Amino acid sequence: MAYFMARARQGTVECMTNIIDSVRSDRDTIFRQLSELVAFNSVHNEPGLEDQAQDASQWVKAALEEAGATVETIETTDGSTAILGERKGEEGAKTVLLYSHYDVVPAGDRAAWEADPFTLTERESADGSTRWYGRGAADCKGNVAMHLAALRALEANGGTKVNLKYLIEGSEERGGEGLSQLIKDRPELFAADAILIADAGNAAVGQPTLTTSLRGGAQIEVEVNTLAAPVHSGQFGGAAPDAVKALMRTLDSLTDEYGRTTIDGVDTSAHWQGQEYPAEAFRGDAQLLEGTEIMGSKDPEGATPVADMVWSRPAISVTGFTSTPVAEAVNAVPATAAAKLNLRVPAGTDARAIGEAVCEHVKNHAPWGAHVKAEVVEANAGFSTDPKKPAVALLGHCLSEAYGKDTAAQGMGGSIPLTTELQEAHPNAEIALYGVEEPKCTIHSANESVDPTEIEHVAAAEALFLQRYA
């Protein structure tokens, strides 16, 4: 028995080595494909860029067909094109759905880019590593290229028995409403035993990571009124209630003296059970200015761990504030002020209910009898998965083998409504979140980039998973 176990382990090691070698030798093809895909300025629903988005969808279709998939393109209700590919496996075999998206966020200020954002550029980063720069290089065209590389490595090393489905959508960055409706209308298209969503990434370069928790969220609009109209500050200032000050004090009540979120009637003290987020790593990832403090770090009874703050507790950001612009300021006491709040909540909690609690909180904490309007204008649920489930655990093992170190579990601050929609449509499917992104990618910012070794390692792990999951 020991002999056969040793032979099995040897075969596993050889298989992993062969797959990794296949992916590494494929770097030129990966770069070429990613270059071609990055060249499309594929922002969904952007006037003047309709052809770019359509051409990107056609590129994905052709790439999947070249890889042996039968492809269907579906025009969704939001005007985007969803690409669905399928490769049949053995009769009765399990089905795996692989997801990514080809749309991107706008490039923004071109002057902030060191090179053309739509020309994939290889250059050395500050730490001496090689990175590929371009809009979508990581989020999420790098994951599309990773899926294709995994399939080539798989075919070069014995193939797989599983049934493969590919879902590459075109409006994720603008809400993905078209795909959401398609899941409701035709849930059978997405039926699978395992759904692997490549739209996340590692805690750091070289650290294999599964994202096991996504925050839910809500958008809240708040308006404070104190006067029928602005009044002269010389005549009434000091006694007339300033609406801007009233709103500032109201919003400040949502944070304790150490910077931690507080909401009346809501537990804001939970602890993260997975991979920690080192404070110094967070400082660098979040680009904190020198001397600024991480929220919750100065409590004399002990700093609140970063992971608790960003993955396990509600968080509120003031994403918009309206009053008199500085350039238009006059000597008058403001009568009205408004703010937009972005609420993030941990997985497993009710985003809308907590948003309503925030509305009640601000109404109850407004000073000087100020009139407050507060409304939840949008809410979405979070998502969590158990890393011990068979398919998720297997992917974790494959990532560990590809990287040569243990796979970590982390939360992610962003929300991906697709996860909950697919889970509701197919309750028995196991969903895993992973990908080629990591903090140095600076997704959604100028000079977005990807480390090519991340594409290689994740592709190797995905190929190995597809072999073993059969």
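Student: In this predicted model, which residue's backbone oxygen lies 3.3 Å from a polar atom of the T261 side chain?
Tutor: The cut-off for a polar contact is 3.5 Å between N or O atoms. The T261 pair sits at 3.3 Å. The backbone oxygen in that pair belongs to P314.

Student: Which residues does T261 touch, leaving out those up to four places away in sequence?
Tutor: Contact here means heavy atoms within 4.5 Å. P314 is one of the residues touched. The full set is L254, T268, P314, A315 and I316.

Student: Is T261 buried or exposed?
Tutor: The relative accessible area of T261 is 13%. Buried means under 20%. Therefore T261 counts as buried.

Student: Where in the fold is T261 placed?
Tutor: Helix 7 covers 243-252, and helix 8 covers 279-285. T261 is in the loop between helix 7 and helix 8.

Student: What feature does UniProt place at residues 219-369, and how much of that stretch is helix?
Tutor: The unreviewed UniProt entry gives "domain: Peptidase M20 dimerisation" for this range. Its end C-alpha atoms are 25 Å apart. Strand makes up 19% of residues 219-369, and helix 28%.

Student: How much space lies in the second largest pocket, and which residues are closest to its centre?
Tutor: The space in the second largest pocket is about 270 Å³. Its lining has 18 residues. Closest to the centre are W272, W311, S312, P346 and A347.

Student: Which elements give two or more residues to the lining of the second largest pocket?
Tutor: One is a strand, at 209-214, and one is a helix, at 306-312. They are strand 8 and helix 9.

Student: How many charged residues does that lining have?
Tutor: The lining of the second largest pocket has nine nonpolar and eight polar residues. The charged count is one.

Notes
Residues numbered from 1 in each chain as written. Predicted model: local features only at pLDDT ≥ 70, side-chain atom pairs only at ≥ 80, totals over all residues. Heavy atoms only, no water. UniProt positions renumbered as here; feature names shortened; annotations may be inferred. Helix = DSSP H or I, 4+ residues; strand = E, 2+ residues; numbered from the N terminus. Buried < 20%, exposed > 50% of the residue type's maximum accessible area, 1.4 Å probe, protein only. Polar contact = N/O pair within 3.5 Å; in protein donor to acceptor, adjacent residues only side chain to side chain. 1 Å grid on protein atoms, 1.4 Å probe; cavity = no way out; pocket = protein on both sides within 12 Å on 5 of 7 lines; lining within 4 Å. Points joined across faces, edges and corners; volume = space filled by probe spheres on them. Nonpolar A, V, L, I, M, F, W, Y, C, P; charged D, E, K, R; others polar.
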